[in-house]
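Take a look at the model below. We will walk through its aromatic rings and then turn to its surface.

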Amino acid sequence: MMKVLCSDSGVIIYHDPQPLVRSVGSSPLVAGLVGRMKNRPGTLVHSDEAAQAMEAVGLTGGLAQVPHPMLPPAGAARDATIGGQSGKRSRVRVLGQYKADRDIDLLKSLARRLGPKCDLDIVGRGWPPVEGWHVDARFVPEDELEKLIVSSDTIVIPYKRFYQSGIAIRALEHGVPIVGRVGTSLEKLYGPQSRLLVAADHVLPGQEVEAWAAAIEYAMGQGRTETALAAKLFHEEASESWHAFGHGMLY
């Protein structure tokens, strides 16, 4: 369809080269047919992990990699009346629809560790009940999603596998710390040495939950300052990369 509509000037963005949920048009059969197309449109991904996955899809020819787009950071830290207010319980959230790669066991363990001092919420379509978390299993509109992000003290991304996270980018725009795993696209946001990221492969058996809890506790303190700096740097990188990509497309 892109070939017919845009000739050779179109580019197809692959958000999930190997989708975590059913995605029409992303089957191996379709990818095989597209791979045989002469002078087909280019393809674009947002992370090293997605670029590697495109090899299995067979669409690395003409592949471009540009960071996930990001709006300018909100700037100053959020008002103290929104989350993290002195004397109030911190609010930790998981946002986004349920996918099979969500680490439910990890969330249950975190609830036992953090539940006494944090409010734990999951908001997203298709989620099953998760012990220790308040689950709101529904789709939320854009304006409500933004309010949920801004009113969070920390957002946890409990994926075992993913290529990039729109929720993480949105959180970064608002200066809300994200906690996730090393070895994912979150490294591009914070760097592999960040205390907001958990290097699960290097954690002693039985200590993974403590490592996640430590990262969340750091996020609710010094992690805010780190997030503000990461937001500035990533926005600059993404803007420059998209400018260069667009210039290359036009000229």
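Start with Trp242. This tryptophan is partly exposed, with a relative accessible area of 26%. That value puts Trp242 in the middle class, because buried means under 20% and exposed means over 50%. Keep in mind that the model is predicted.

Trp242 sits in helix α9, which covers residues 223-250. Phe245 is in helix α9 too. The two are three residues apart, so about one helical turn separates them.

How many aromatic pairs does the whole structure hold? A search finds two. A pair of aromatic rings is described by the distance of the centres and the angle of the planes.

One pair is formed by Tyr98 and Trp127. Their rings are edge-to-face, 5.2 Å centre to centre, with 70° between the planes. Where do these residues lie? Tyr98 is in the loop between β4 (90-95) and α4 (104-114). Trp127 is in the loop between β5 (118-123) and β6 (134-136). The pair therefore ties together parts that are 29 residues apart in sequence. Tyr98 is partly exposed, at 28% relative accessible area. Trp127 is buried, at 5%.

Trp242 and Phe245 form an aromatic pair as well. This pair is also edge-to-face: the centres are 5.9 Å apart and the planes meet at 85°.

Now move to the surface. Met1, Val4 and Leu5 make a nonpolar patch of about 440 Å². Leu5 belongs to helix α1, residues 2-6. Is Leu5 buried or exposed? Its relative accessibility is 65%, so Leu5 counts as exposed.

Terms used: Residues are numbered from 1 along each chain as its sequence is written. This is a predicted model: local features need pLDDT of at least 70, side-chain atom pairs count only at pLDDT 80 or more; totals for chains, interfaces and linings use all residues. Side-chain values use heavy atoms; hydrogens and water are left out. Patches are made of residues with over 30% relative accessible area and no salt bridge: like charges are joined within 9 Å, nonpolar side chains (Val, Leu, Ile, Met, Phe, Trp, Tyr) within 5 Å. Accessible areas come from the Shrake-Rupley method with a 1.4 Å probe; for residues, only the protein chains shown count as cover. A salt bridge is a side-chain nitrogen of Lys or Arg within 4 Å of a carboxyl oxygen of Asp or Glu. Helices (H or I, at least four residues) and strands (E, at least two) are DSSP runs, numbered from the N terminus. Buried means under 20% relative accessible area, exposed over 50%, partly exposed in between (1.4 Å probe, protein chains only). Rings of Phe, Tyr and Trp (its six-membered ring) pair if their centres lie within 6.5 Å; planes under 30 degrees apart count as stacked, over 60 as edge-to-face and the rest as tilted.
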